[in-house]
Amino acid sequence: MKIESKIRIILVGFGLVVILILLRTAYWQVLSGEKLAIEADDQHFYSLDLPPIRGQIKTNDGFALVSNKETYILYANLAELKDPPKDIVSKFNPILMEFNPLLATNAAEIKDLDNSMIKKLTIPNTMWVRLASGITKIAKDKIESQKISGLGFLVQTSRDYPEASSAAHLLGFVSEGKKGQEGNFGLEGFYQEELKGRPGKLLEEKDAFQRPILVGSLTKIEKIDGSELILSLDRSVQRFVEKHLQEGIATWGASGGSAIVMDPFTGNIIASASFPSFDPRNYSLFPQNSFKDPVVSELYEPGSIMKPIIMAAAINEGKLTPESTCPVCTGPRVIGEYAIHTFNNQYHPNSTMIDVLVNSDNTGMVYVGETLGFNKLYDYLQKFGFTQKTGIDLQGEQISNLRPANQWYPIDKATVTFGQGIAVNQLQMVRAISVIANGGKLVTPRLVTTIVDSLGQNKELKIKPSKEVISPLTAKVLAEMMVRVADESPEHFPKDAIPSLKKFKIAAKSGTAQIPIAGHYEQGKTIGSVVGFAPAQKPRFVVMVKLDSPTVRQWGSDTAGPVFFRIVADLLNYYNVTPTN
Amino acid sequence: MVLVTGLLISGRLFLANGLVDKSDQLVKLEKNISVLEEQNQNLSTEIRDSSSLDSINSKAMAMGFTKLDKYSYLPETVDVAFNLRP
């Protein structure tokens with residue numbers, strides 16, 4: 001072979017090699033370039049998610065009712081466990097229960113808890129298992145001191161409740177969802193967007209030893225922490241309201257109850273308590289139906305506390321005055337096949353409208369309704385807010401839709417005057433009574449007064465404009481009539497049981513509602529409530545107390561009454577209100 | 001030319017070495033910040049727990065405070081602490 005041919009073959013060979021190299025390079029750079037760049041970035045860059053801190057919820061004195069704290073997740077690395085699962089569980093479970101007694105309250109529950117932990121430690125084909133979360137630092141230190149091989153801890157941020165389960169229904173709780181912390185029920189649910197904040201990200205170039213390269217690239221998307229909510233809630237008032245309510249429920253053998261304190265001029269909720277309640281730290285140990293706030297999500301027939309509302313409508317329309325007499329209050333009123341009685345079957349001929357309220361006279365109220373006229377009565381039920389949501393900033397408010405006016409039977413038109421055949425939530429009732437307390441205006445209840453963003457900027461939430469429902473004069477007249485109710489009602493209305501209250505003018509009305517069930521009223525079961533405000537001439541607060549199914553006595557004045565007056569006495573003292581008399 | 005290149009390479013090595021040292025310091029500082037933040041949060045939690053009404057209530061009880069059930073009001077017309085001398 002000639003030398004030229006050899007050189008040509010070598011050149012062709014070189015050419016092929018060059019082409020192969022070019023093709024391979026094109027493959028790495030063009031076809032696999034993106035994938036390789038990602039792999040390289042994975043090695044060079046360190047990526048860190050920056051979770052936002054969820055906003056705190058504070059009472060009106062700036063105390064954090066809900067905050068955040070570092071807690072720990074207890075996990076087990078199953079491959080590294082040396083002792084038998086039963087022995088391991090017997091070492092850490094008592095510590096878990098010591099710091100969270102709700103985990104197991106009796107021997108059977110302790111055994112169940114032990115078994116479930118042993119089960120977790122013996123799951124086949126598993127390396128890592130989560131045993132418990134929300135563990136405090138003290139509990140973690142105590143478990144670590146046991147030196148159990150195979151157990152470890154991870155840090156997590158949990159919601160912290162310094163006042164324990166106080167105002168749990170208002171607050172709601174936070175669960176871990178797919179998108180991070182999710183607020184459920186109450187304020188946590190309603191203000192989820194404001195509280196949650198926005199996560200950030202850090203992308204930093206690191207060397208082989210995972211140290212940051214100072215001249216390398218750094219990309220940081222700043223996290224935005226959640227906003228803080230400042231409430232109108234007063235934690236001292238909340239505390240004594242909860243205390244009095246719990247005592248009342250126990251004393252009168254009630255199945256539960258609720259109490260609200262509201263500023264009638266601004267709609268600011270000062271306190272709101274309901275029992276049975278739940279512990280937001282251990283929400284998973286409570287049934288689903290215990291999370292809803294009964295104050296806004298439970299409907300009930302209000303009974304006689306509706307009477308001042310209907311009376312206010314009739315007086316505002318000029319149909320009656322407090323001194324007008326009832327010409328048909330001599331005995332039971334018969335409407336169709338039904339007879340309407342008074343609560344004690346006593347009748348007061350020629351009662352004035354003041355007497356009708358003082359005696360809580362059902363027959364007198366039927367007369368008031370008839371004098372007012374049903375169309376006007378229906379109109380006022382709407383004006384007093386019974387057909388719409390109150391507008392409170394809480395999740396889960398329920399209301400009942402009033403039937404169209406032309407679908408009411410004569411008996412319905414009669415019973416609605418004393419609060420039967422109409423369903424309301426407790427806050428609607430408080431709002432309606434506030435109209436009488438504040439001079440005639442329908443306010444919008446609220447809990448959050450200010451939102452503070454992560455930069456510390458305050459956004460004060462304006463009080464929503466209120467509509468006039470009754471004239472200031474009618475409101476004043478009704479307030480005086482309700483004072484007469486508190487002072488002159490049958491002897492069991494217990495204002496006098498608290499001597500300090502004798503010096504104050506307190507407006508109040510009690511109600512005892514029957515509980516409708518499947519088309520009739522449940523025998524022997526009632527809902528007792530009292531609503532009112534003080535001092536009557538210049539109210540500082542409206543209070544409503546409701547006790548469900550009291551067993552010791554059935555009347556609202558007997559059961560909810562003492563709780564109401566104890567709360568009022570403490571409020572007058574707390575706000576340094578000077579006596580009227 | 002060789003001298004300049006040598007100086008540049010030495011300078012770069014010196015700078016890189018210095019940066020690695022600074023990176024170490026940065027890592028230590030970040031760890032310190034993290035520890036301080038944790039301590040700060042734990043202290044905040046302790047303060048909140050100590051100023052909760054439950055805690056204040058139990059401390060007040062331990063110190064012998066009780067709730068005042070009866071209180072009196074002074075009439076507005078009475079001068080208090082005036083005209084004490086005859």
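Q: Runs of DSSP codes, numbered from the N terminus, count as helices (H or I, at least four residues) or strands (E, at least two). By that rule, how many helices and strands has chain B?
A: Chain B has two helices and zero strands. This is a predicted model, in which local features need pLDDT of at least 70 and side-chain atom pairs count only at pLDDT 80 or more, while totals for chains, interfaces and linings use all residues. As for labels, residues are numbered from 1 along each chain as its sequence is written, and chains are lettered from A and ligands numbered from 1 in the order in which they are written.

Q: What makes a residue of chain B count as buried, and what percentage does so?
A: The test is a count of other C-beta atoms, placed from the backbone, within 10 Å of the residue's own: 20 or more is buried, 12 or fewer is exposed, and anything in between is partly exposed. Of the 86 residues of chain B, 3% count as buried.

Q: How do you know which residues belong to the contact of chains A and B, and how many does each chain give?
A: Two residues are in contact if their C-beta atoms, placed from the backbone, lie within 7 Å. On that basis, 23 residues come from chain A and 19 residues from chain B. On the side of chain A that touches chain B, strand 3 (64-77) and helix 9 (235-251) each supply at least two residues. Strand 3 of chain A gives the most to that side, with four residues.

Q: Into which classes do the residues on the side of chain A that touches chain B divide?
A: There are nine nonpolar, five polar and nine charged residues on that side of chain A. Nonpolar means Ala, Val, Leu, Ile, Met, Phe, Trp, Tyr, Cys and Pro; charged means Asp, Glu, Lys and Arg; the others, Gly among them, are polar.

Q: Why are helix 9 and helix 18 of chain A called roughly antiparallel?
A: Their axes, lines fitted to C-alpha atoms over the stretch in contact, come within 9 Å and cross at roughly 160°. Angles run from 0 to 180 degrees between N-to-C directions; under 35 degrees is roughly parallel, over 145 roughly antiparallel, 65 to 115 roughly perpendicular, and the rest oblique. The angle of roughly 160° falls over 145, so helix 9 and helix 18 of chain A are roughly antiparallel.

Q: Which residues make the contact of helix 9 with helix 18 of chain A?
A: From helix 9 of chain A come residues including F240(A), V241(A), H244(A) and L245(A). Helix 18 of chain A answers with, among them, V563(A), R566(A), I567(A) and D570(A). By class, the contact of these two helices has nine nonpolar, four polar and two charged residues.

Q: Why are helix 11 (residues 307-316) and helix 17 (residues 472-488) of chain A called oblique?
A: Their axes come within 10 Å and cross at roughly 140°. That angle is in none of the three ranges set out for parallel, antiparallel or perpendicular pairs, so helix 11 and helix 17 of chain A are oblique to each other. P308(A), M311(A), A312(A), I315(A) and N316(A) of helix 11 meet T474(A), V477(A), L478(A) and M482(A) of helix 17. This contact has seven nonpolar, two polar and no charged residues.

Q: What makes V577(A) buried, exposed or partly exposed?
A: V577(A), in the segment after helix 18 of chain A, has 18 other C-beta atoms within 10 Å. That count lies between the two cut-offs, so V577(A) is partly exposed. Not counting residues up to four places away in sequence, V577(A) touches P535(A), R540(A) and L572(A).

Q: Where is P535(A), and what is the peptide bond before P535(A) like?
A: P535(A) sits in the loop between strand 22 (520-534) and strand 23 (541-548) of chain A. The peptide bond from A534(A) to P535(A) is cis, with omega near -20°. Another cis peptide bond joins F275(A) and P276(A), with omega about 0°.

Q: How do you know whether A167(A) and N350(A) are buried or exposed?
A: A167(A) has 31 C-beta neighbours inside 10 Å and therefore counts as buried. N350(A) has 10 such neighbours, so N350(A) counts as exposed. Phi is positive, near 55°, in A167(A), and phi of N350(A) is also near 55°.
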